[in-house]
Structure formats: C-alpha cells, structure tokens
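Thanks, everyone; I would like to go through one structure this morning, starting from one pairing and working outwards. Please have the sequence and the model open while I talk.

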Amino acid sequence: MAKLPMNATALLHEIDVSADWVGVRLVRETTTNHHLRDGHPQAHGRDTTWGAMVEVSVQGNLSYCATTQVTPAGIRQAAAQAHDQAKSVLLRTHTVPERPPATGQYLSPVAQPWREVSTKELTEILVKICHTLKINDEIVCTKASLAATELETWFVSTNGADLYQQQHYFSNHFAATAQVGTEVQTRSDHGMLARCYQGGLEWLLTDDLWERVQRIGEQALELVRAENCPEMRTHLVLAPDQMLLQIHESVGHPLELDRILGDERNYAGWSFVSVSDFGHLQYGSPLMNITFDPTVPGEFASYAVDDTGLPASREYLIQDGILRRGLGGYESQIRTGVAGVACGRACSWNRPPIDRMANLNLEPGMGNFNEVISDIEQGIYMKSNRSWSIDDYRRKFQFGCEYARLIENGQLTKTFKNPNYRGLSSDFWRNLVRLGGLETWEMYGSPYCGKGEPNQAIRVGHGSPVAVFANVEVFGGG
C-alpha cells in the first residue's frame, strides 16, 4: 500500500482548538471485485475511499466532522467545525471522557496475497468454477465472484493514541441454478456471501475447492427434483453456515446496548432485552456459550483495537446460558453501567463509531457430525441461509435455508427443498440440546450488517459448531 501523504501525528499537531480532547482517524480503503456469470465476465472493478474523521470533546460533549481533505488545512477546518458543534450543545445526559490512548499495530494474517495473481489468472479460476458447476443442461445459470479489500486505519489523539491497523478482507461466492419445467432451485456455497475472511487467496484456493464446486452443482440438481420440506415440530439440526444468521439476528442485534437504550428504535428497531437482564436472564440452555472475540486469526471482523481506542479481548456475552455482557462500546458502558466489549466501530472515515458486532461465536461442544445426529429418531438438517425475517424487538423470527435433509434413526436420508423454520429467540436457544465438537466448528462472515442513521454497513464474523434444537416448527414453501 502507498504511504500516507503526511504523518498522522503531524496532522493532529496542526489542530488548534480549545478542547479537552481531540482525535483524528484516517481511513483508506480499496476494494477489487470480479464477477462472472456462466463463465462470462460481468464486472471487474476497483474503487478507493480515503478521508479523515476528526473528533473533539469540549466540556464532556463529543462532536465529529469528516473530511476528504487530508491536508493540514482540511484537518484544521474539520476540527474547527467539530469544536463549534460541541460548544453549541446546551443539554447533555452524560459526559464522555477522553478515549483510551491506544498504541501499536494490527496486521491481518495473509498466506497468499491476492495481488500476486493477475486479473487474467483470477478470471480463469472463476471461469473454471462456473464450468464445473454446470453438471448438465439442467443447470441454467452459474455464478462465481470474489472481492478483496485492503483497509488501513491510523488513529492518533491528544492523550497519546498512536495506532495503525491494516486489514485484508477476502470473500468468494459461487452458485448454480437448476431448472426442470417450471421448478427452479439455486444452491450456493454456504449461502449469500458467507465465505468472508481476513487473509488472501488461501481462502479461495483450498484443498477442497473443486470438491465443493462439484457438490454444489450436484445439490442444485437434487433440489430441483426434491419434495418440499414437510410441516412438523421436530429436532432441527443447523449447519454452521446457517448458525451464522441465527447468532447474528437472535443474539447479536438484541445485545447491542445502544439498541437496548432505544437509540436505534427509529431505524433498526429495539430489543426484547433490558438493562436489568444482564447477570440474570436465562437466555439459552446451559450449553449456550457465546463469545465476543475479535482476536481470532482469519475471522472476518478481527482487530486489535476498536475505533474508540478500546483494546479487543475475548469475552463471554452469554455463559452457561446466562446473559453476562452487552455489545456496548465505551460510551454505552458508561450510560448503562453494564459491562461491554471493544465494539465501537465505524464503517468508514465519514461515520462515527457506534455499538457493533464483530466476531460473535458459539463455543463448541463434543462429537463429530455423525455422533451429533446419532440419537435423533426424526429431525431435519438445514444448511445455508436463503431468507430471514425478524421483528423489531429481535424476538420472533422466521428463517429459510437452501438445502435440507431428513434425519431418520440417526441417518441422513432424503433431500428437501424450500426448508424454513420459525421461533422465539430465547425459547429457541433454551431448546438447544446438543453442540458438535471443534471438528464441526466453522467460521463465516458477512460484509453487509446494516445499522445506524446515516446507515453503516459493517463486516461481522460468526463461528459455530453444528447445533441441535428441540421442538422447532419447520415447514416448506418458496
């Protein structure tokens, strides 16, 4: 990556306002995309965003101003505007202290830099994926894509912060659509853009890549002739690529402290969780252990320090089924008195940090997949999210998957299409009856978690083992 046109600390020293604290966060992000359909390129593109956010605290009032002018004059002007805004606030409900003076650096682990491979070579790989997906003429559409992002963040402040983080994000996706008569079914590799990681081409060029591509094509053909998922109450076994969505919607969003405080109710909704629930609420069964952990190598939302300067660490949000901590950053912890985590995150240089998920993981239990399902007389195994719906309080949900198998006497049997299930968040998690071991644990991610006004789409990571839930309502339908 190119060097900064000017040292971040030098830019901070250019600011001359009467403030208790000043911070400057510089962000440069470059994303490269490659998309193919039926083996034909649809888009090759690269875009870069580059700017600065200046934060100023005056008598406990924190104000922001963003600028694309990353020059001494531009930074001075942004600081002056933020200062004037902070002074204009006449009423405040809480005082924001100086943010922690974070120092050091974080670099994503990269085994195979994608820039070492030419666009021609990347395109050839994606073309081969499309062609391999097309098992026969009943596969009417194939898609393959990848995206690589290089993100650099510099954070300096008047109380000694001096932090540099360099993150390399890589995501890849492929899917096959089959049609027989009027029936159309699509099967993708772990759902919509779930294969999202920090690193390089090693996340695409895995040892099992071509086996997975072949299997996705074959499963698309299975689905197009399969029966609809039956309607019943039964044991539901969810693969890690669907647990991604289950954790995200029914655990992550309800535990955001700013949402619990009502800050998000106008746009993203509220939560069934209250401040008084922390330390007491039986959120799930004793098997349920959810950790917030931005320290996992390669997981999509890993970092050393959040965008407010809090050092990241692994923390239990839910332990043995009991709610312990909230997804709240520095300011929200002060406002609520609830223990939180280092989750003050901004999606870009022109947004302030707010309470966000990062890596939210369900800890594993014991046993391989066959052992997990061995004592299930009848159940449904579902993989790969296709649709989701959840109410404003993150309580009542209905999720759909791409692919399902019937479980009979501990064995996977027939394939079902259009599988769906519904439930209530806490009731659902209290019916968690078994978790697979570390050998079933997989991590995925999403680049599109939306929240905030103006909107912030941010990257999140979720890891989980295979999970079994009892007494779940499942049903079919398009």
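Let me start at M443, which stands opposite G463 in β23. Before I go further, I should say that this is a predicted model, in which local features need pLDDT of at least 70 and side-chain atom pairs count only at pLDDT 80 or more, whereas totals for chains, interfaces and linings use all residues. Residues are numbered from 1 along each chain as its sequence is written, and side-chain values use heavy atoms, with hydrogens and water left out.

The strands and helices I name are DSSP runs numbered from the N terminus, with helices being H or I over at least four residues and strands E over at least two, and two strands count as paired if DSSP finds at least two bridges between them. With that in hand, β22 and β23, the latter covering residues 456-464, pair in the antiparallel sense over eight bridges, and within that pairing G445 stands opposite G461 in β23. The two strands form a hairpin with four residues between them, and G452 in the turn has a positive phi of about 90 degrees. The loop between β22 and β23 also holds P454, and the peptide bond joining E453 and P454 is cis, with omega at about -5 degrees. As background, most residues other than glycine have a negative phi, and most peptide bonds are trans.

What lies on the other side of β23? Strand β16 runs parallel to β23 and is joined to it by three bridges, and N361 has G463 in β23 as its bridge partner. Going out to the whole sheet, six strands form an open, mixed arrangement in the order β13-β12-β11-β16-β23-β22. The edges are taken by β13, residues 322-323, and β22, residues 442-451, each of which has a single partner strand, so one side of each is left without a neighbour in the sheet.

How enclosed is β23? Eight of its nine residues are buried, so β23 is largely enclosed by the rest of the structure; buried here means under 20% relative accessible area, exposed means over 50%, and partly exposed is in between, with a 1.4 Å probe and protein chains only. Helix α5, residues 240-252, lies across β11, β12, β16, β22 and β23, and runs at about 120 degrees to β23, where axes are lines fitted to C-alpha atoms, for helices over the stretch in contact, and angles run from 0 to 180 degrees between N-to-C directions.

I will turn now to another helix, α4, residues 209-224, which has 16 residues and reaches 23 Å from its first C-alpha to its last, close to the 22 Å expected at 1.5 Å a residue, that expected span being 1.5 Å times one less than the number of residues. Its buried residues include L209, R212, V213, I216 and G217, and among the elements that cover the buried residues of α4 are α3, β5 and β6, contact meaning heavy atoms within 4.5 Å. Helices α3 and α4 pack at an angle of about 40 degrees, with their axes 8 Å apart, and they are therefore oblique to each other; angles under 35 degrees count as roughly parallel, over 145 as roughly antiparallel, 65 to 115 as roughly perpendicular and the rest as oblique. At this interface I125, K128, I129, T132 and L133 in α3 meet W210, V213, Q214, I216 and G217 in α4.

Finally, which residues deserve a look for their backbone? N471, in strand β24 (residues 467-475), has a positive phi of about 55 degrees although it is not a glycine. At 47% relative accessibility N471 counts as partly exposed, and, leaving aside residues up to four places away in sequence, N471 touches R233, T234 and N431. D38, in the loop between β1 and β2, likewise has a positive phi, near 55 degrees, in a residue other than glycine, and D38 is partly exposed with a relative accessible area of 33%. In the hairpin of β2 and β3, which has two residues between the strands, Q59 takes a positive phi near 50 degrees; those strands pair in the antiparallel sense over seven bridges, with S57 opposite L62 in β3.
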